[in-house]
Amino acid sequence: MADSNNSDGIPLSGTSTSLAAADKMEQVSSGLYDLIGVKGKASDSRPGVTECSGRDQEKYFQIFHPWSFYPASANDLDEAMKRLKAELPKHGWKVVDYGPDTSKNKNINLTADNDKKKYSVKVVQMAKNDPPKLSLIVVSGCYQVPDGEKVQRF
């Protein structure tokens with residue numbers, strides 16, 4: 001996600017309270033879960049709030065949501081990653097990076113941006129884990145709190 005409004009390249013996502021932005025993040029993560037398209041379960045984690053690099057931390061924040069997907073069958077892990085790579089572009093996401101990392105396990109990494117919604121997701125296929133999983137982290141652009149409000153951190 002790039003935006004010329006910020007030297008760090010993090011786009012502005014508009015005005016929101018931290019709680020409302022976290023609720024929206026859960027909807028985005030739920031949509032990603034649906035795109036995986038294989039049976040399995042997601043970890044039970046909630047979004048968090050972090051500062052926006054280079055911006056007033058009293059007024060600006062980002063939402064992040066780390067979670068994992070565990071396929072019902074380890075054999076479905078490749079299929080889950082292939083489906084994400086194929087389905088994300090059909091739903092407004094642009095895959096900006098895809099391929100193995102430099103670890104000894106050569107984990108497949110996928111990074112995709114949704115410029116319209118101002119979100120980015122990084123997915124790491126961890127086939128050697130026990131149990132095998134997809135590790136996801138979804139991040140938002142920078143939100144500004146409404147006038148008179150404070151950033152709630154959680």
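Is P47 buried or exposed? At 8% relative accessibility, P47 counts as buried. Here are some points on this predicted model, starting from that proline.

1. **P47 and its surroundings.** You will find P47 in the loop between β2 (40-42) and β3. Setting aside neighbours within four places in sequence, P47 is in contact with A22, M25, E26, I63, F64, H65 and F154. Two of those partners, A22 and M25, are also among the buried residues of α1. For a sense of scale, P47 and S120 are 73 residues apart in sequence, and their C-alpha atoms are 14 Å apart in space.

2. **Helix α1, its length and its faces.** Helix α1 covers residues 18-36. With 19 residues at 1.5 Å a residue, α1 should span 27 Å, and its end C-alpha atoms are indeed 27 Å apart, so the two values agree. The buried residues here are S18, A21, A22, M25, V28, S29, L32, L35 and I36. Viewed down the axis of α1, these buried residues fall within an arc of 125°, so they line one face of the helix. Q27 and D34, on the other side of α1, are exposed.

3. **What α1 packs against, and what follows it.** The buried residues of α1 pack against β3, β4, α2, β7 (119-126), β8 (133-140) and β9. Just after the helix comes G37, with a positive phi near 70°.

4. **Helix α2.** In α2, the buried residues are L77, A80, M81, L84 and E87. They cover an arc of only 140° around the axis, which puts them on the same side of α2. Their cover includes α1, β4, β5, β6, β7 and β8. Do note E87 in this set: a glutamate that is buried and also takes part in the meeting with α1.

5. **How the two helices meet.** Helix α1 and helix α2 (residues 77-87) pack at an angle of about 115°, and their axes are 8 Å apart. On the α1 side the residues involved are L32, L35 and I36, which meet A80, R83, L84 and E87 of α2. By class, this contact has five nonpolar residues, two charged ones and no polar ones. L32, L35 and I36 are buried as well, as are A80, L84 and E87 in α2.

6. **The disulfide.** A search of the whole structure finds one disulfide. The bond joins C52 to C142, with an S to S distance of 1.9 Å. The pair links distant parts of the chain: C52 sits in the loop between β3 (48-51) and β4 (60-71), while C142 belongs to strand β9 (residues 142-144), 90 residues apart. The link of C52 and C142 is left-handed, with -125° about the S-S bond. Both cysteines, C52 and C142, are buried.

7. **The β5 to β6 loop.** Two residues are worth a look in the loop between β5 (94-100) and β6 (108-114), one of them N107. At 9% relative accessibility, N107 counts as buried. Leaving out neighbours within four places in sequence, N107 is in contact with G99, P100, D101, V124, Q125, M126 and A127. K106 is found in this loop too, and its phi is positive, near 50°, although K106 is not a glycine.

8. **N114 in β6.** Strand β6 holds N114, which counts as buried at 2% relative accessibility. Not counting residues up to four places away in sequence, N114 touches H91, G92, W93 and Y119. N114 and H65 are 49 residues apart in sequence, with 15 Å between their C-alpha atoms. H65 is one of the contacts of P47.

9. **Backbone details to check around β7.** K118, in the loop between β6 and β7, has a positive phi near 65°, again in a residue other than glycine. At 24% relative accessibility, K118 counts as partly exposed. In the loop between β7 and β8 lies P131. A cis peptide bond joins D130 and P131, with omega about 5°.

Terms used
Residues numbered from 1 in each chain as written. Predicted model: local features only at pLDDT ≥ 70, side-chain atom pairs only at ≥ 80, totals over all residues. Heavy atoms only, no water. Disulfide = S-S within 2.5 Å. Helix = DSSP H or I, 4+ residues; strand = E, 2+ residues; numbered from the N terminus. Buried < 20%, exposed > 50% of the residue type's maximum accessible area, 1.4 Å probe, protein only. Contact = heavy atoms within 4.5 Å. Axes fitted to C-alpha atoms, helices over the stretch in contact; angles between N-to-C directions. Nonpolar A, V, L, I, M, F, W, Y, C, P; charged D, E, K, R; others polar. Expected span 1.5 Å × (residues − 1). Arc of directions from axis to C-beta.
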